[in-house]
Amino acid sequence: MSGEGTLATVKRGLALSPELRTGLGGTIVLAVLQMAGRVAVPIAVQQGIDHGIRAPGGPDLGVVVRIVAITLGALMISTLCGYLMTRRLFTVSETALSGLRQRTFRHIHDLSMLHQQSERRGSMVSRVTSDVDQISQFLQTGGVQLLLATGQLLVSAVVMFVYSWQLALVVLLAFGPAVGVIRLFQKRLAEVYRAVRERTGVMLGAVAESVVGATVIRSYGVAGRTQARLDSSIEDLRVAQQRAMRTSVTSFSSGEIGAGLALAGVVVVGVWLGADGALTVGQLTAFLFLVTLFIQPVQIATDMLNEAQNAVAGWRRILDVLDVEPDVADPDDQGVELPVGPLSVRFADVSFRYPGGPIVLSGVDLTLDARRKYAVVGETGSGKTTFAKLLTRLMDPAQGEVLLSGTPLTSVRFASLRSRVVMVPQDGFLFDATVAENIRFAEPSLTGEQLRAAFVELGLVDWLDGLPQGLETEVGERGEALSVGERQLVALVRAYVADPDLLVLDEATSAVDPATEVRLQHALDLVTRGRTTVAIAHRLSTAQSADEVIVVDAGRVVQRGPHARLVAEEGSIYAKLYASWLEQTRS
Amino acid sequence: MLGRGLRVLGHAIRTEPRLFIVGAIGSSLFGLLIIANSYVVGWVIGHVVVPSFASHQVDTGRLWLVAAIFLGISGLRVASIFGRRLGAGFMQFRLQARYRRAVTGRYLSLPPAWHQRHATGTLLSNANSDVEAAWGPIAPLPFAVGTIVMLIAAMISLFLTDWVLALVGATLFPALFGLNLVYSRRMSPRQIRAQQMRGKVSAVAHESFDGALVVKTMGREADESRRFGVFVDELRDSLIAVGRLRGLFDPLMDSLPSLGTLAVLLLGAWRLRSGAIGVADVVSVAFLFTVLAFPVRAIGWVVGELPRSVAGWDRVRAVLDAEGDLAYGDGSLPGAGPAELRFDQVRFSYGEGPQILHDVSFTVPSGRTVALVGATGSGKSTIASLAVRLVDPESGSIGIDGVKLPDLALSALAGAAALVPQVPFVFDDTVRGNIALDRPGVDDEAVRDALALAQADRFVAGLPDGLDTAVGERGTSLSGGQRQRLTLARALAGKPRLLVLDDATSAVDPRVEAAILGALRASDARASVLVVAYRRATIALADQVVYLERGRVVATGTHAELMTFHAGYQDLVTAYEKAEHQE
Ligand SMILES: Nc1ncnc2c1ncn2[C@@H]1O[C@H](COP(=O)(O)OP(=O)(O)O)[C@@H](O)[C@H]1O
Ligand SMILES: Nc1ncnc2c1ncn2[C@@H]1O[C@H](COP(=O)(O)OP(=O)(O)O)[C@@H](O)[C@H]1O
Ligand SMILES: [Mg+2]
Ligand SMILES: [Mg+2]
């Protein structure tokens, strides 16, 4: 994909943002009209010199005034066209690009969890920010200039041919080598600009890490090492930028040499032609003006082509993301709704491995009945979280199938799945907003009273009332203005108000103190009665109160059954886990 | 705005004077060559073209000379372009790099309290797009300076040619400046708004992707897109507002020089009739105005960028000038072996918020293990971060081995005390890099020992590249417990004399935990330990327990003592047992 040509990228980009073409015809017409105004000036100079200033009977002021007046009119129309064109261009391009930003944003959210995690956050953010900015900057400055330059190039070329085809040929010949050089440079430019964008991403990643990990860096006194890394990523970017600059200047200056050749050639050939009487002084003068009108756009175009490489590099990064089909996809219209009522779960011979890793779950085959409460236990790294992610279809199994109430998960519409099945992940992520807003994330329609009622039902209202501003307390970025356990409480209430039929808790209260946890557990048991609950727990207190315990070891389900029975199986993994639990809680 | 913008530019020039001079000389040369070129064109028309057209004779020698002059000028121009562009570009890139280093340097030295007040997304854009914006006008700056030189030279040459034609220039150039000024004044608020909206969009995107898992599990993708869309729409509108203004000014600025050319034609004809000047003069001056049009735009570019530059610079300066650095002394902690930690009447609150800790006093005697127990939100993590001086108390004092923390050098403190935080943080690095952190004295052997001690050696051995496995951003490819053990190993590898464990062994088997704490009492790696824990097994390993309620130390003693004498403590630590009895 990354090897594709510039034009191919632009084509693909335009196909994905058809809005960019809205009213393109009109914009081009306006641009050409604006151009025509510029070309009017050298024509006026020629006419003025030949028919006014060098009029047979001495300078004829009347003629000059008439010519100037006409040109003035043309110039005003051209200015007006310029205004209208720029307005249109900005409106169309910004509207189209804001659509692109939103589409990319949505697409990133639609990608599978694993895919999201394989990308750095900073790099995903840049897809909807600076990469789009590059395109917009190019379209609005470079794009207009390129459009105008092309127009100017064509119009002045035509006028040159009208004045003197011989001289026009001289000009084209003079620029021939330059065009060759510029074309040759395009590929290198694409490479150096890609390097610039890549290294920008690396630098942003390094900055983000130094910000997010600031406390660790401080407490280990390793600011020196971190700064050294930052510095080298910053320097790498600078070196890449300078290399890109050198390449683009070299390419640009070849146009300048073409310009010198053209001027020299026009004078030499023009004088020969004029001496033969094939050309007037005014015509040759106009021609010299025309040559500059021809040179300017060539220079601008070279410059803009360089910038275009930068924009295309950004565009390509966006398209590469949009091209990825979400591998855990919403069946949407082809999908079905989950059957009403409490949900049962079936894992049919499910195996899973993370990309490039070993098998993490193998041959898991089990059924969980509706309305019951299950606890999943096992050592850390045994595959419990993986099990939960498969159950909630954050990932699809490599082999086997997961069914809810007999319906294969892969055929369930996301709208139905996500409203009926909710998981509280291991780290309760909160948004930088108030407690109330964080809970409304699950159910925007809830009133303040309803929110409060949810806290009451879960036995957390005392905690809520202890907060400085109650429901309106700001929780800080990622919830960092709350203690870790408090964050988990909010995340739990958030899942609770979503009112799911299958609730999956992945060590959702691991940082909460025992007394609170026990109280919460009781409250939760009451309010989730009649629904299916799967709780992954490191603390076996949860397991004890579950209807059934499922024991995972090294990716396999090794035991299942009620707590009392499993404990009685002497020498079993669960018996050992429980013994160790007793040891931790009773000593 | 203009004044402040120019001051920012002045600062840039003082920082990179040499590159600026290269750029300015290059572009002044460029400008002078443009003027020279116009006069050569005029001279060629007057002295070569007109005579030979009239006489139908070609002076070949002269003609070749003309060609050589044009080519010579062109060669010089190439040199001037290299000087101008590379000078300006390198200056811009160096300034960007310099300020990125400075800004990130501040990030590293500003205290956690400052970091908490600033969103990651904002800090990212300070180091990236704000620095970029601040030095945005640098690229066209030398060009603009060269253009000013050129305009002055043009004015002089105009006056030397003919004072009437010079008047055209004298009207035109100030008009261009004036237009630019109005432009920048009207543009400024729009640019600032656009830059703010850029920051917002970036912050929302960053947060939303950060919480992607929650968005997914709750099926809120559509709502998130809508939330993002609101900001994107505002950004779009603010950029369109910028575009409207540009649409108004750009074509005007484009056509002013053309007006000049027409005026020259008109006045030139009149002056020619009175015999004051020749055809060559009219051509030269008209040509001059034609070629001036483009470089004069460079001034507009600089002026147009100034508002954005000032906005960016202000945001960068806010980071550079931020205060509140923790001042470190130069004290050291002589001696080896476990260190004593002492809290004395410590009070603390986060910013303007309510008081979190009330007169907290306790001691971790040398070589002892003290457990810190309390309900969720009672202030345990706050005490842990005070103990390693991530924050300073409002009043009261904290000391290690009798030395007050603020008197210690950072290296002395970091070498002596290690905190394993409640939420493990893993760098986007290899396992080895994450544990060693390039600390002196932490070699491969120390890394392996620490991994073994944290019971992480087995799973690390199972990773595809062992110690060299990259663990991904924030350690995404590891399970939660594995991340915790990695950070535990990181702390142990430095052989600290005081270890602060903030609920850092919750995912570790109790036997493992006992082994770890036991090893810390053994002779070679002895350390004092402050451990935040809920588990009775862990608490029982401690020599002493400090029990907290709502930020107050309400009881201190051995576990057995507290069990007998403190009902609240008993309720907390026996909660599981009691729950079981009720079943
Ligand atoms: N995103 C990932 N990429 C690769 N390996 C992973 C990923 N997430 C987890 N693993 C590995 O899968 C195994 C099981 O992890 P997990 O299900 O999180 O365990 P736990 O039982 O502690 O919840 C671990 O060995 C872990 O290293
Ligand atoms: N950064 C912060 N800003 C404001 N309040 C905070 C911040 N961090 C913690 N708090 C509050 O301080 C109290 C103690 O928090 P903490 O020390 O993390 O408790 P814990 O005992 O659970 O570790 C809690 O009420 C919490 O809401
Ligand atoms: Mg897990
Ligand atoms: Mg805590």
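These legends walk through several close-up views of a predicted model with chains A and B and two ligands.

The model is predicted, with local features needing pLDDT of at least 70 and side-chain atom pairs counting only at pLDDT 80 or more, while totals for chains, interfaces and linings use all residues. Residues are numbered from 1 along each chain as its sequence is written, chains are lettered from A and ligands numbered from 1 in the order in which they are written, and side-chain values use heavy atoms, with hydrogens and water left out.

**View 1. Ligand 1 sits between chains A and B.**
Look around the ligand and you'll find 16 residues, where a residue counts if one of its heavy atoms lies within 4 Å. The closest are A:G381, A:K384, A:T385, A:T386 and B:Q482. Sorted by class, this shell holds three nonpolar, eleven polar and two charged residues. (Ala, Val, Leu, Ile, Met, Phe, Trp, Tyr, Cys and Pro count as nonpolar, Asp, Glu, Lys and Arg as charged, and the others, Gly among them, as polar.)

**View 2. Polar contacts of ligand 1.**
A polar contact here is a pair of N or O atoms within 3.5 Å; within protein, one must be able to donate a hydrogen and the other to accept it, and residues adjacent in sequence count only if both atoms are side-chain atoms. On the chain A side, a backbone N or O atom of A:G383 is 2.9 Å from an oxygen atom of the ligand. Chain B joins in through B:Q482, with a polar side-chain atom 2.8 Å from a ligand oxygen. A polar backbone atom of B:S477 lies 3.3 Å from a nitrogen atom of ligand 1. On its own, ligand 1 has 560 Å² of accessible area, and the protein covers 84% of that (Shrake-Rupley method, 1.4 Å probe). Two elements, α4 (113-118) and α11 (384-391) of chain A, each give two or more residues to the shell. Of these, α11(A) gives the most, with three residues. (Helices are DSSP runs of H or I with at least four residues, strands are runs of E with at least two, and both are numbered from the N terminus.)

**View 3. Ligand 2 and its shared site.**
The site is shared between chains because residues from both A and B surround ligand 2. There are 16 residues around this ligand, and the closest are A:E486, B:Q116, B:G377, B:S381 and B:T382. The shell splits into five nonpolar, eight polar and three charged residues. Its largest share, three residues, comes from helix α11 (residues 380-387) of chain B.

**View 4. Polar contacts of ligand 2.**
From chain A, a polar side-chain atom of A:S483 is 3.1 Å from a ligand oxygen, and a polar backbone atom of A:A481 is 3.2 Å from a ligand nitrogen. From chain B, a backbone N or O atom of B:S378 lies 3.3 Å from an oxygen atom of the ligand. The protein covers 85% of the 560 Å² of accessible area that ligand 2 has on its own.

**View 5. The four-stranded sheet of chain A.**
This open sheet runs in the order β2-β1-β4-β5, with antiparallel pairing. At the edges are β2 (359-368) and β5 (407-408), each pairing on one side only. Inside the sheet, β1 (residues 345-353) and β4 (residues 399-404) pair over five bridges; two strands count as paired if DSSP finds at least two bridges between them. To find one of these bridges, look for A:A348, whose partner in β4(A) is A:E401.

**View 6. The four-stranded sheet of chain B.**
Here the open, antiparallel sheet has the strand order β2-β1-β4-β5. Its edge strands are β2 (355-364) and β5 (403-404). Strand β4 (residues 395-400) and β5(B) pair over two bridges, and B:G399 has B:K404 as its bridge partner in β5(B).

**View 7. Helical spans listed as transmembrane.**
For chain A, an unreviewed UniProt entry lists several transmembrane regions, including 167-185 and 252-272; such annotations may be inferred rather than shown by experiment. In the model, residues 167-185 are 100% helix, with end C-alpha atoms 28 Å apart. Residues 252-272 are also 100% helix, and their end C-alpha atoms lie 31 Å apart. In chain B, the listed regions include 63-82 and 163-183. The first of these two, 63-82, is 100% helix with ends 29 Å apart by C-alpha, while 163-183 is 100% helix with end C-alpha atoms 30 Å apart.
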